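Let's take a friendly walk through a protein model together. Keep the sequence and the 3D view at hand, and look up each residue as it comes along.

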Amino acid sequence: MTAILFDLDGTLTDPKIGITTCIQYAIAQLGMEPPATDELLWCIGPPLSASFAKLLDTEVKALINQAISLYRDRFSTIGLFENELYPEIPEVIVSMRAEGYQTYVATSKPYIYAKRIIEHFQLSALFDGIYGSELDGTRSMKGELIRHVLQTENLDAKATVMIGDRCHDVIGAKQNQVFVIGVTYGYGSIEELKKHGADVIAHSPKDILPLISLKS
């Protein structure tokens, strides 16, 4: 193994307050009663368009796009900083890089937000690249995003590891023949991760590097 791809939400940082509050804001602005915070945890991970389609029970693109626009009104100024770094993450990445691994962020979140979050937590120097979707939804599907990272960085899929907490991370990695470490300290259950084919499971950030070393 030579390269490690990290999901952002639920893997590097805990974005619970920011994401759920911005979803509640968007739904309220549309004149509807938003769900409680704990009823929105499933929205952490999937593309926003899919979450709002389900929340609003609609396939009308104009309404979904309006909700996303309202969400971003708050997220771009306040929500992206309502976020916490998981304990041990910086130390774990420092150790990975000391052992010679290349490290990247691969998130469905728009790149412009992902970059600001990584900078906010002073992690920029720990990554060889930060990859996310475009605001128009391009590369919001994890398989498409991972393929883009592999091609852009000229990485060997069979020597690459994807680390994430939701089924979308696992599915996207498997579509590209990439080894997957599912993490349970985020927002996906061990059942969800195993069901979709995670190769191994890490229960804390410090569990990740030994699992990569075993695979290597």
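## A proline between two helices

Our first stop is Pro47, which sits in the loop between helix H1 (16-29) and helix H2 (48-55). Please keep in mind that this is a predicted model. Is Pro47 buried or exposed? Pro47 counts as buried, because its relative accessibility is 11% and the cut-off for buried is under 20%.

What does Pro47 touch, once its neighbours within four places in sequence are left aside? Its contacts are Ser140 and Met141. You can also try finding Asp7: it is 40 residues from Pro47 along the chain, and the C-alpha atoms of the two are separated by 13 Å.

## The protein as a whole

Now zoom out. The protein contains nine helices and eight strands. Its C-alpha trace spans about 55 × 30 × 30 Å along the principal axes. For 216 residues, a compact globule would have a radius of gyration near 17 Å, and the protein agrees with this because its own value is 17 Å.

Of the 216 residues, 53% are buried. The exposed surface comes to about 9700 Å², and carbon and sulfur atoms supply 51% of that area. Consider also the contacts in the protein with a separation of 6 or more: 64% of them are between residues 24 or more positions apart.

## Three parallel strands

Next, find strand E4 (residues 102-110). Why can we call E4 largely enclosed by the rest of the structure? We can because eight of its nine residues are buried.

On one side of the story is strand E1 (residues 3-6), which runs parallel to E4 and is joined to E4 by four bridges. To see a matching pair, look at Ile4, which stands opposite Thr103 in E4.

Strand E5 (residues 129-133) is mostly covered too, with five of its five residues buried. E4 and E5 also pair in the parallel sense, again over four bridges. Here you can look for Ala106, whose bridge partner in E5 is Tyr131, and for Pro110, which stands opposite Ser133. How does the chain cross from E4 to E5? The chain goes through helix H5 (residues 111-120), and this β-α-β crossover is right-handed.

## Two glutamines with positive phi

Between H5 and E5 there is a loop, and Gln122 lies in it. Gln122 is not a glycine, yet its phi is positive, at about 55°. With a relative accessible area of 71%, Gln122 is exposed.

Gln177 lies in another loop, the one between helix H7 (167-175) and E7. Gln177 has a positive phi as well, near 60°, and it is a residue other than glycine. Its relative accessible area is 52%, so Gln177 is exposed, since the cut-off for exposed is over 50%.

## Cysteines without partners

How many disulfides does a search of the whole structure find? The search finds zero. Take Cys22: the closest cysteine sulfur is that of Cys43, and the two sulfurs cannot bond because 12 Å is too far. For comparison, a disulfide needs the two sulfur atoms within 2.5 Å. Cys167 is in no disulfide either; the nearest cysteine sulfur, in Cys43, is 13 Å away.

Are Cys22 and Cys167 buried or exposed? Cys22 is buried, with a relative accessible area of 0%. Cys167 is buried as well, with a relative accessible area of 12%.

## A tyrosine with many contacts

Our last stop is Tyr187, in the loop between strand E7 (179-183) and helix H8 (190-195). Which residues does Tyr187 touch, not counting those up to four places away in sequence? They are Gly10, Asp14, Pro15, Lys16, Leu41, Ile44, Tyr86, Asp165 and Arg166.

Arg166 is a good one to look up. It is 21 residues from Tyr187 along the chain, and the C-alpha atoms of the two are separated by 6.7 Å.

Methods. Residues are numbered from 1 along each chain as its sequence is written. This is a predicted model: local features need pLDDT of at least 70, side-chain atom pairs count only at pLDDT 80 or more; totals for chains, interfaces and linings use all residues. Side-chain values use heavy atoms; hydrogens and water are left out. Buried means under 20% relative accessible area, exposed over 50%, partly exposed in between (1.4 Å probe, protein chains only). Two strands pair if DSSP finds at least two bridges between them. A crossover is right-handed if, with the strands pointing away from the viewer, the path from the first strand over the helix to the second runs clockwise. The radius of gyration is taken over C-alpha atoms; the globule rule is 2.2 Å times the number of residues to the power 0.38. Contact means heavy atoms within 4.5 Å. Accessible areas come from the Shrake-Rupley method with a 1.4 Å probe; for residues, only the protein chains shown count as cover.
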